[in-house]
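Open the structure in your viewer and keep the selection panel handy. We will go from stop to stop, and at each one you will hear what to select and what to look for.

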Amino acid sequence: MQIILRTSKSTDEHDIAKIIMACHWKMPVADHELLALRWIRQFLITEPQNGYVLEHTASSKAVGYITCASDTIAYENEFENTYLPKLKVRYEELEKQSFAYLEENRKLLFFRRNQDIGFDATEYPAHLHINILPEYQRSGYGRLLLSAYEENLRSRGVRGYHLGTGANNLKGISFYTKHGLELLHTVYKDGQPVTSILGKRL
């Protein structure tokens, strides 16, 4: 088995959607269009040069990815003005079709800016999303993706990045802190931590 690292491209959307499903849903309940509009398409269209995939050479399928917005404020503006309206239209279409998993997909409509959760991203302007199929985890591929991502940001003069993950995602938080990220902010709900924001200066 040979895995190669390459720059992402728009045709990776379907594979990336499958990876997200495998990592975050127990069964394929998400609507592909909603999933793509929320977590994939904007990155692949706006900043494909800042994303990478792990490609299984025998199948030419992506088995892991990292996507990036180098300027989170610009990303949030574009998402709110361009992609969020499309998400809402798509959800209305699913409602009319009596889609079986409406409640599971409703969470894809959720969007809050960093300023809304009290996090100042000035020193950590970029942000990322990273996932690897479970069967390819713990093989050094996460480090490979993160290293390529960081080197790319450095070469372009981006001074730092951040990401958000579940506060109970101890495995993920351990991975990030091992690679030099530190806890910057915690989001609470009903007095309980729900989201951890970690970041790294470059």
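Start by selecting helix H4, residues 72-96. Its 25 residues reach 34 Å from first C-alpha to last, close to the 36 Å expected at 1.5 Å a residue. (That expectation is 1.5 Å times one less than the number of residues; helices are DSSP runs of H or I with at least four residues, strands are E runs of at least two, and both are numbered from the N terminus.)

A word on what you are viewing: this is a predicted model, in which local features need pLDDT of at least 70 and side-chain atom pairs count only at pLDDT 80 or more, while totals for chains, interfaces and linings use all residues. Residues are numbered from 1 along each chain as its sequence is written, and side-chain values use heavy atoms, with hydrogens and water left out.

**Along H4**

Centre on Phe79, where H4 bends by about 45 degrees; this is the angle between axes fitted to the seven residues ending there and the seven starting there. Phe79 is also one of the buried residues of H4, along with Thr72, Tyr75, Glu76, Tyr83, Leu84, Leu87, Arg90, Tyr91 and Leu94. Here buried means under 20% relative accessible area, exposed over 50%, and partly exposed in between, using a 1.4 Å probe and protein chains only. Show the surroundings next: the cover over these residues includes helices H2 (32-39), H3 (41-46) and H5 (102-106), and strands E3 (61-69), E4 (126-132) and E5 (160-166).

Now visit the two ends. At the N-terminal end, Asp71 acts as a cap, with a side-chain oxygen 3.1 Å from the backbone nitrogen of Ile73. Just after H4, Ser98 has a positive phi of about 55 degrees.

**Glu76**

Stay in H4 and select Glu76. Is Glu76 buried or exposed? Its relative accessible area is 8%, so Glu76 is buried. Follow its side chain to the backbone nitrogen of Asn114, 2.9 Å away. Not counting residues up to four places away in sequence, Glu76 touches Phe111, Arg112, Arg113 and Asn114; contact means heavy atoms within 4.5 Å.

**H1 against H2**

Select helix H1, residues 13-24, together with H2: their axes come within 10 Å and cross at roughly 95 degrees. That makes H1 roughly perpendicular to H2, the term for angles of 65 to 115 degrees. To see the meeting point, show Glu13, His14, Ala17, Ile20 and Met21 in H1 with His32, Leu35, Ala36 and Trp39 in H2.

The buried residues of H1 are Glu13, Asp15, Ile16, Ala17, Ile19, Ile20 and Met21. They pack against H2, H3, strand E2 (52-56), E3 and E4.

**Asn131**

Move on to strand E4 and pick Asn131, which counts as buried at 13% relative accessibility. Which side chains does Asn131 reach through polar contacts? One is His24, at 3.0 Å, and another is Tyr65, at 2.8 Å. (A polar contact is a pair of N or O atoms within 3.5 Å; within protein, one must be able to donate a hydrogen and the other to accept it, and residues adjacent in sequence count only if both atoms are side-chain atoms.)

**Last stop: Arg143**

Finish in helix H6, residues 141-155, with Arg143. At 46% relative accessibility, Arg143 is partly exposed. Add His179, 36 residues apart from Arg143 in sequence and 7.9 Å apart in space, C-alpha to C-alpha. Leaving aside neighbours within four places in sequence, Arg143 is in contact with Phe175 and His179.

Key
Axes are lines fitted to C-alpha atoms, for helices over the stretch in contact, and angles run from 0 to 180 degrees between N-to-C directions. Angles under 35 degrees count as roughly parallel, over 145 as roughly antiparallel, 65 to 115 as roughly perpendicular and the rest as oblique.
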